[in-house]
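Hi everyone, thanks for making time for this. I'd like to walk you through one chain today, going from a sheet to its core and then to a couple of single residues. Please have a look at it on the screen.

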Amino acid sequence: MRYINKLMLVFSLVLFAAISRVNAEVVNNTDSPQDVRLYLQSTENITPDEKTDASEDKKRIWNVIFSTNELVWNVNQNVDGGAYYYVWNAETGKYSREIARNSGAVTTTLADNEASKTVDITNKSNFDVTPSITISSQDITGLFSATYNGGSIAWNVTKSATVTVDSSVLESITELIPDNFTSKTVGNENVYVAGNVTINLESGSIYASNYSQP
């Protein structure tokens, strides 16, 4: 029994000491209620993390930039005006001009001798890409040819495909282009649709060896 009383005494002293420290911090000299603010003190402990299904390092992220989707060649067409002659008009006292034929021969040439034009291909994907290029349509057989020999394109690298007009085939156009080609507007200029080129892209392996840079 004496042992139990001794334990209780020690507990009372400790409790009194704790209350004394609290009272020393907060002094209330009125009979107003006392507010005690409540806080949470947070300590973050990060457990080993796990990659989520939304992670993109296992997905192909396509990002290929083409410098243009329209190529325009400047072409001159020279038209032979044909034959004409003068006829005297006795009533008016003047000659009148008469055309023997309405139109003459048409010759077609490049205006600036720039037969080849390029399409720059920049790869921003998370894998290498390998382009291939074909002429998918053209209104005049053999007018255009296309080449790409650059191989695969790594991230942030630019390579070029080339489309070329065959000048000899162009010179074989003996009819006026506006009468035989579909027109459209490109850069506020009236141009004529002559064909289409298609660039296909083959994907390589996804970059995964170094997550800070491919």
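Let's start with an open sheet of 4 strands, whose order is β1-β6-β9-β8, with antiparallel pairing. At its edges are β1, residues 64–66, and β8, and each of these pairs on one side only. On average, neighbouring strands of this sheet are turned by 20° against each other, direction ignored. Please keep in mind that this is a predicted model.

Now some context for the chain. It has 3 helices and 12 strands. Of its 214 residues, 17% count as buried. The accessible surface comes to about 16,700 Å², and 50% of that belongs to carbon and sulfur atoms. Among contacts with a separation of 6 or more, 71% are between residues 24 or more positions apart.

Back to the edge strand β8, residues 144–147. Which of its side chains are buried, and which are not? Phe144 and Ala146 point to one face and are buried, while Ser145 and Thr147 point to the other and are not. For anyone who works less with sheets, in a regular strand the side chains alternate between the two faces of the sheet. The partner of β8 here is β9, residues 158–165, and the two pair in the antiparallel sense over 4 bridges. If you want to find the register on your screen, look for Ser145, which stands opposite Thr164 in β9.

Phe144 deserves a second look. The largest nonpolar core has 23 residues, and Leu143 and Phe144 touch the most other members. The elements giving two or more residues to this core are β7 (127–138), β8, β9 and α2 (167–170). Leaving aside neighbours within four places in sequence, the contacts of Phe144 include Trp73, Ile135, Val163, Val165 and Ala194.

You can see an alternating pattern in another strand, β5, residues 106–110. There Val106, Thr108 and Leu110 point to one face and are buried, while Thr107 and Thr109 point to the other and are not. Strand β2, residues 75–79, runs antiparallel to β5, and 5 bridges join them. One bridge pair to look for is Asn76 with Thr109 in β5.

Next, a polar residue: Asn123, in strand β6, residues 116–123. Is Asn123 buried or exposed? Its relative accessible area is 0%, so Asn123 counts as buried. What does its side chain reach? A polar atom of the Asn123 side chain lies 2.9 Å from the backbone oxygen of Phe127. The side chain also reaches the backbone oxygen of Ile153, at 2.9 Å. Beyond four places in sequence, Asn123 touches several residues, among them Asn63, Val64, Asp128, Trp155 and Val157.

Let me finish with Glu56, which sits in the loop between α1 (2–25) and β1. Glu56 counts as partly exposed because its relative accessibility is 49%, and the cut-off for exposed is over 50%. Not counting residues up to four places away in sequence, Glu56 touches Ile61 and Asn126. How far apart are the C-alpha atoms of Glu56 and Ile206? They are separated by 9.9 Å, although these residues are 150 apart along the chain.

That's my tour, and I'm happy to take questions.

Conventions. Residues are numbered from 1 along each chain as its sequence is written. This is a predicted model: local features need pLDDT of at least 70, side-chain atom pairs count only at pLDDT 80 or more; totals for chains, interfaces and linings use all residues. Side-chain values use heavy atoms; hydrogens and water are left out. Buried means under 20% relative accessible area, exposed over 50%, partly exposed in between (1.4 Å probe, protein chains only). Contact means heavy atoms within 4.5 Å. Accessible areas come from the Shrake-Rupley method with a 1.4 Å probe; for residues, only the protein chains shown count as cover. A polar contact is a pair of N or O atoms within 3.5 Å; within protein, one must be able to donate a hydrogen and the other to accept it, and residues adjacent in sequence count only if both atoms are side-chain atoms. Two strands pair if DSSP finds at least two bridges between them. Axes are lines fitted to C-alpha atoms, for helices over the stretch in contact, and angles run from 0 to 180 degrees between N-to-C directions. A nonpolar core is a set of buried Ala, Val, Leu, Ile, Met, Phe, Trp, Tyr and Cys residues joined through side-chain atoms within 4.5 Å.
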